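Q: Could you take a close look at one helix in this model for me, and then show me how the parts around it are packed? I'd like a connected walk-through rather than a list.

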Amino acid sequence: LENVIRSLTNPIMVVQPGFQAPSRFLFAYDASPTAKKVLELITSSPLLKGLECELVMVGEPGDEHARQLAEAKQVLKSAGIKVTTRLLQGDVVPVICQHATEVGCDLIVMGAYGHSRIRQFIVGSTTTGILKTSHTSLLLLR
């Protein structure tokens, strides 16, 4: 699946059994260039209009993360998307998957494979971890 996702430039939707149209989505945001591109795609596409957004960043509390979340929230709000922000702590993959379930998100939206294969080999891939762990449908944007 990773090779297919890496070879495509179009959005990829991975759905779970019993999929229904989502009413609330979680946007996993890390302020990376890929995440900023995803933010632009979310705001310019009619696909997620009318849905509530749970904007989530995983990291240590601090002014920089708060600023990044506030900027992304403002962009989403300006596009007419109702948004709630959360700065969560812990290991990215389990925290995102658990939070999506806890707050009732039907869909996780995130950038896919924003780092090189070498970095992925050394550090690991958030995208692959979410694909393996999540019980929530995913919209992966490249």
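A: Happy to. Let's start with helix α4, residues 92-102, where V93, V95, I96, C97, H99 and A100 are buried. Please keep in mind that this is a predicted model. The cover over those buried residues comes from several directions: β2, β3, β4 (83-88), β5 and α6 (126-133) are included in it. Just past the helix comes G104, with a positive phi near 75°.

One residue of α4 deserves a closer look. C97 lies in this helix, and a relative accessible area of 9% makes C97 buried. If you set aside the neighbours within four places in sequence, C97 is in contact with I130, T133 and S134. L76 makes a useful reference point for C97: 21 residues separate the two in sequence, and their C-alpha atoms are 22 Å apart in space.

The contacts of C97 lead us to the pairing of α4 with α6. The axes of these two helices are 9 Å apart, and the packing angle is about 45°. That angle is neither under 35 degrees nor in the 65 to 115 range, so α4 and α6 count as oblique to each other. The crossing of α4 past α6 is right-handed. On the α4 side, the residues that meet the partner are V92, V93, I96 and C97, and on the α6 side they are T126, G129, I130 and T133. By character, the residues of this contact split into five nonpolar, three polar and no charged.

Staying with α6, we can look at T127, which lies in that helix. T127 counts as buried, at 5% relative accessibility. Beyond its neighbours within four places in sequence, T127 is in contact with M110, G111, A112, Y113 and L140.

Now for the wider interior. In soluble globular proteins, nonpolar side chains tend to be buried together. Here the largest nonpolar core has 22 residues, and F25, F27, Y29, I42, L55, L76 and V109 are those with the most contacts inside it. Two or more residues each come from β2 (24-28), α2 (33-44), β3 (52-58), α3 (63-78), β5 (107-111) and β6 (137-141). With four residues, α2 gives the most to this core. A second core lies apart from that one; it has 20 residues, and A28, C97, I108 and L138 are among them. So the C97 we met in α4 belongs to this second core, whereas L76, the reference point used above, is one of the best-connected members of the largest core.

F25 gives a good idea of the surroundings in the largest core. Not counting residues up to four places away in sequence, F25 touches I42, L48, L51, E52, C53, E54, C105, L107 and V109. I42 and V109, like F25, are listed with the most contacts inside that core.

I42 also takes us to a second helix pair, α2 with α3. These helices pack at an angle of about 20°, and their axes are 9 Å apart. With an angle under 35 degrees, α2 and α3 are therefore roughly parallel to each other. Their crossing is right-handed. The contact is built from L39, I42 and T43 of α2 together with A72, V75 and L76 of α3. Its residues divide into five nonpolar, one polar and no charged.

To round things off, let's visit some loops. A31 sits in the loop between β2 and α2. Although A31 is not a glycine, its phi is positive, at about 65°. A31 is buried, with a relative accessible area of 14%. G59, in the loop between β3 and α3, counts as buried too, at 15% relative accessibility. Neighbours within four places in sequence aside, G59 is in contact with H65, L87, L88 and Q89. For G59 and L88, which are 29 residues apart along the chain, the C-alpha separation is 6.2 Å.

In the loop between β1 (12-14) and β2 you will find A21. Here the setting is an exposed one, as the relative accessible area of A21 is 68%. A21 and D106 are 85 residues apart along the chain, yet their C-alpha atoms are separated by 8.0 Å.

Note on methods
Residues numbered from 1 in each chain as written. Predicted model: local features only at pLDDT ≥ 70, side-chain atom pairs only at ≥ 80, totals over all residues. Heavy atoms only, no water. Core = buried A, V, L, I, M, F, W, Y, C linked by side-chain atoms within 4.5 Å. Buried < 20%, exposed > 50% of the residue type's maximum accessible area, 1.4 Å probe, protein only. Contact = heavy atoms within 4.5 Å. Axes fitted to C-alpha atoms, helices over the stretch in contact; angles between N-to-C directions. Parallel < 35°, antiparallel > 145°, perpendicular 65-115°, else oblique. Left-handed = near helix turned anticlockwise from the far one by under 90°. Nonpolar A, V, L, I, M, F, W, Y, C, P; charged D, E, K, R; others polar.
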